[in-house]
Amino acid sequence: MLSALLRLPAVVMPMCMAQAGPLRVERLTKAYAGAAALHAVSLDVGEGEIVSVTGPSGAGKSTLGRLVSGLETAEEGRIVLAGQDLCDLPARGRRVAHMFESYALYPTLTVAGNIALPLSAPTSLGRWTAAQQLERVDEVLALTQMAPYRDRLPSQLSGGQKQRVALCRALAQDPSLFVLDEPIGHLDAKLRHLLRGEIRRRQKQRRQGTLWFTPDGIEAMAVADRMVVLIGGRVQQTGSPAEVFARPANVRVARLIGDPAMNVVPVRLFGGASPEWSLANAAPARVSSSLFDRLAPLARDGVLQLGLRPADLQVLPPGLSGNTDGVECVPARVYAVEPLGKHTIVTLEVGDQRLRAKVPPGSTWAVGAPVTASCSAAQLLSFDSVSGELHRPLSPAPAPDPHHKEALQ
Amino acid sequence: MGLAINVVMAEIRLNAVTKSYDGRTHAVERLDLVCRQGEMLALLGPSGCGKSSTLKMVAGIESVTAGTITFDGVDVTRRDSAGRNVAMVFEDYALYPHLSVFENIAFPLRVRAASSATIASKVDQAIALLELGAFRNRQVRTLSGGAQQRVSIGRALVREPALVMFDEPLSHLDADQKVLLRTEIRRLQATAVLTSVLVTHDQTEAMAMADRIAVMDQGVLQQVGSPRDLYEAPANLFVAGFIGESPMNLFDTMPAPDGSIRLADAPELRLPEPPTGARPGAWPAGWVLGVRPEDITLSPREEEPAFALRGTVVDCECCGDRDVLRVRHGDRHFNVEQAAPSPARVGDMVDCHLPWSRLHGFDRATGRSLHLRGAAC
């Protein structure tokens with residue numbers, strides 16, 4: 001049965017008609033003794049689409065990639081590529097070009113030899129002439145600035161160069177899907193920044209989809225048409241980079257995405273004639289009635305979590321408290337100042353937490369100085385204090401139930 | 001949070017320091033550099049620039065081929081590492097994984113046979129300073145990379161060194177941990193007044209943590225200055241290209257027969273006269289015009305002398321609060337960075353305004369800055 005399946009594609013689908021088509025992963029579940037398990041993971045990748053999967057280490061990113069490539073088997077769920085159910089196909093029948101995070105280079109082959117190997121493998125037999133293979137190898141070597149190293153052995157390369165060879169070997173193929181597991185993570189910052197654009201634009205010209213795994217939230221946004229945030233083996237959110245950035249589904253996503261990531265702070269609300277709030281257990285301070293009225297119905301026992309993006313936070317001189325015109329102010333203290341050239345990151349202490357503000361260059365706040373942290377109320381996001389889920393926008397404020405009234409004192 | 005550990009840090013000077021491994025080529029060439037007392041000086045450059053050789057020479061791990069190194073005026077060139085009292089923080093932490101946080105930090109003190117009262121007091125001060133209190137008795141292998149690196153900083157500080165050297169301290173950390181520890185080191189530097197040298201290839205890390213940055217390339221110092229100096233006034237093309245992300249856009253210029261300046265990639269565009277200052281005639285015939293992606297605007301700003309380069313948006317990178325557009329003019333591509341969400345879409349024709357006040361100029365032959373911005377402002 002298996003051998004029949006293996007032989008069948010070569011006859012029915014000549015390799016020159018390698019099926020590029022959408023990938024659909026449905027409720028994929030994999031349990032491990034270890035941590036990198038997956039729980040009912042679903043995602044899809046359209047033709048020519050780049051979908052990034054991001055999450056902290058241990059989130060299950062590599063496991064997901066290995067399941068798609070057939071290097072591991074799932075306990076439940078389906079993987080369908082170009083209309084074909086992959087779960088019964090062995091890895092080599094899937095036509096997935098998988099780039100390993102561990103490189104997996106052949107030590108006795110040169111750089112060019114490593115990259116050309118899949119092109120002359122039995123599954124590709126007769127697809128490319130020797131000249132065409134060379135052409136493909138040269139194209140990816142040029143793309144990754146590795147042309148000067150084409151005749152070296154892996155042992156003569158740095159870690160970043162080895163990673164680029166592994167990347168080249170995947171990109172040179174003409175598979176049904178590209179799976180890139182942290183393809184540029186070990187390159188230096190300069191090259192990483194350059195290559196992510198080059199690779200993205202190349203992959204956009206392909207018929208095949210690309211699954212791009214990275215722990216770097218900025219890279220995940222920069223390369224992708226759509227991104228999937230995977231934490232603890234569960235998909236937290238799927239959407240365009242702009243959507244995920246604008247409206248992270250929960251505090252776990254919020255804390256992962258952005259440069260630097262969104263600040264998330266607990267807030268306690270105190271009702272009354274002049275409403276107050278306490279950010280991160282700081283002394284209660286005035287809050288505008290309009291913001292209070294927006295947040296109060298969402299709070300549990302008077303508590304919720306606020307999301308403030310660093311670029312939306314302003315650092316102003318101390319003593320300002322004008323919570324008017326939709327601008328909220330709270331007292332803060334400067335913890336650290338990092339001048340990055342085009343902007344400066346000021347870390348502020350508010351209550352028992354540290355918030356990051358991304359401010360114009362040239363700010364010269366002294367460490368320890370008292371300041372005012374200010375943010376437009378319209379830019380604030382709020383999350384449930386227990387579940388951490390994002391509160392939906394513009395939900396008509398329901399009449400506060402008695403439970404809330406008590407909680408808000 | 002003040003520094004409770006008593007550290008007397010030195011001022012470090014390198015005088016015409018040269019390093020050659022083979023007697024012919026120079027890994028470091030006549031390097032003059034000062035690391036002032038209480039400052040963090042970053043050595044920044046690509047691999048092979050000589051920063052690691054410099055670190056090893058300052059630490060006393062590698063011999064100096066020519067030149068001298070002084071600590072507080074005392075020549076230490078021939079002293080070994082122990083004789084210089086330099087503490088190192090390594091990229092891979094180099095901790096004892098099975099020992100507790102406390103014991104790892106205490107290690108240098110135990111080696112010196114300090115009394116247990118001294119050890120307890122100094123180690124607990126370091127633990128408080130680095131906010132490791134919650135992990136005091138945990139095995140370090142159970143900690144995150146960021147916490148492990150803080151332990152290794154604590155171990156460096158309890159030695160009361162003359163100098164702390166940070167060798168790529170963030171390179172093994174996850175992105176989120178990098179940002180956190182970057183801030184912690186910056187804060188520590190500002191409050192504890194350490195004299196320290198940071199070696200990194202990552203310009204963001206150097207900018208974020210260091211008081212001053214020495215940019216090196218092929219063994220030669222290119223520029224030394226504050227992060228702001230390097231960003232606003234790069235001394236040459238190498239620094240201009242190395243500092244900044246996305247990198248500065250560079251355009252070759254050429255003089256036209258009518259005396260005007262043209263961009264080689266857009267010869268049809270006649271650059272207007274700069275508003276004041278430098279005459280084009282005084283500039284070298286071929287000079288390179290530089291403009292940072294975030295200094296280009298898609299609509300003219302009031303009262304800002306500028307000229308516009310028309311192009312097609314061919315790609316857009318979402319970076320959260322910023323969008324980086326890739327724009328094509330003829331065969332030339334350049335980057336424009338905008339606050340997100342940018343109204344421009346892929347395929348749009350846009351006018352990219354280059355304001356004179358934000359332009360840089362470099363001599364193409366020597367690479368040196370023409371100080372165009374000084375002249376035009």
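How many residues lie between E17(A) and E18(A) in the hairpin that they form, and which residue in the turn has a positive phi? Two residues separate the strands, and A:Gly351 in the turn has a positive phi of about 55°. This report describes a predicted model, beginning with that hairpin and proceeding to the sheet, the chains, their contact and some details of the backbone.

**The hairpin and the open sheet of chain A**

Strand E17 of chain A covers residues 344-350 and strand E18 of chain A covers residues 353-359. The two strands run antiparallel and are joined by seven bridges. Within this ladder, A:Thr347 has A:Arg356 of E18(A) as its bridge partner.

Elsewhere in chain A, five strands make up an open sheet with antiparallel pairing, and their order is E13-E12-E11-E14-E20. The edges are occupied by strand E13 (285-286) and strand E20 (381-383) of chain A. Each of these edge strands has a single partner strand, so one side of each has no neighbour in the sheet. Strands of a sheet pair through backbone hydrogen bonds, in a parallel or an antiparallel manner.

Within the open sheet, strand E11 (residues 263-270) and strand E14 (residues 303-308) of chain A run antiparallel and are connected by six bridges. A:Pro266 is placed opposite A:Gln305 of E14(A).

**The two chains**

Chain A contains eleven helices and 20 strands, while chain B contains nine helices and 19 strands. The table sets out the buried share of each chain.

| Chain | Number of residues | Buried residues |
|---|---|---|
| Chain A | 409 residues | 42% |
| Chain B | 377 residues | 45% |

Contacts can also be considered by separation along the sequence. In chain A, 67% of the contacts between residues at least 6 apart join residues at least 24 apart. In chain B, residues 24 or more positions apart account for 65% of the contacts with a separation of 6 or more. The C-alpha trace of chain B spans about 80 × 45 × 35 Å along its principal axes.

**The contact between chain A and chain B**

On the side of chain A, 34 residues are in contact with 33 residues of chain B. Several elements of chain A each supply at least two residues of this side, namely helix H6 (189-204), helix H7 (217-223), helix H8 (241-246) and strand E16 (327-339). By class, the side of chain A that touches chain B holds 20 nonpolar, seven polar and seven charged residues.

**A helix pair in chain B**

Helix H4 (residues 145-158) and helix H5 (residues 175-192) of chain B pack with their axes 9 Å apart, at an angle of about 25°. Angles under 35 degrees count as roughly parallel, and H4(B) and H5(B) are therefore roughly parallel to each other. The crossing of H4(B) past H5(B) is right-handed. H4(B) contributes B:Gly145, B:Gly146, B:Gln149 and B:Arg150 to the contact, and H5(B) contributes B:Gln177, B:Leu180, B:Leu181 and B:Glu184. Sorted by class, the contact of H4(B) with H5(B) has two nonpolar, four polar and two charged residues.

**Backbone details**

Most residues other than glycine have a negative phi, and most peptide bonds are trans. Each chain provides examples that depart from these patterns.

Which peptide bond leading to A:Pro260 is cis? The bond in question runs from A:Asp259 to A:Pro260, and its omega is near -5°. A:Pro260 itself lies in the loop between helix H9 (251-254) and E11 of chain A. The latter strand is the one that pairs with E14 of chain A. In chain B, the peptide bond from B:Glu245 to B:Ser246 is cis, with omega near 0°. B:Ser246 is located in the loop between helix H8 (237-242) and strand E11 (249-255) of chain B.

Two arginines have a positive phi. A:Arg27, which is not a glycine, has a phi of about 45°. This residue belongs to strand E1 (residues 23-30) of chain A. A:Arg27 counts as partly exposed because 13 C-beta neighbours lie inside 10 Å. In chain B, phi of B:Arg30 is near 40°, which is likewise a positive value in a residue other than glycine. B:Arg30 is part of strand E2 (residues 28-35) of chain B. With 15 C-beta neighbours inside 10 Å, B:Arg30 also counts as partly exposed.

Definitions and conventions. Residues numbered from 1 in each chain as written. Chains lettered and ligands numbered in written order. Predicted model: local features only at pLDDT ≥ 70, side-chain atom pairs only at ≥ 80, totals over all residues. Axes fitted to C-alpha atoms, helices over the stretch in contact; angles between N-to-C directions. Helix = DSSP H or I, 4+ residues; strand = E, 2+ residues; numbered from the N terminus. Parallel < 35°, antiparallel > 145°, perpendicular 65-115°, else oblique. Left-handed = near helix turned anticlockwise from the far one by under 90°. Contact = placed C-beta atoms within 7 Å. Nonpolar A, V, L, I, M, F, W, Y, C, P; charged D, E, K, R; others polar. Pairing = 2+ DSSP bridges. Buried ≥ 20, exposed ≤ 12 C-beta atoms within 10 Å, placed from the backbone.
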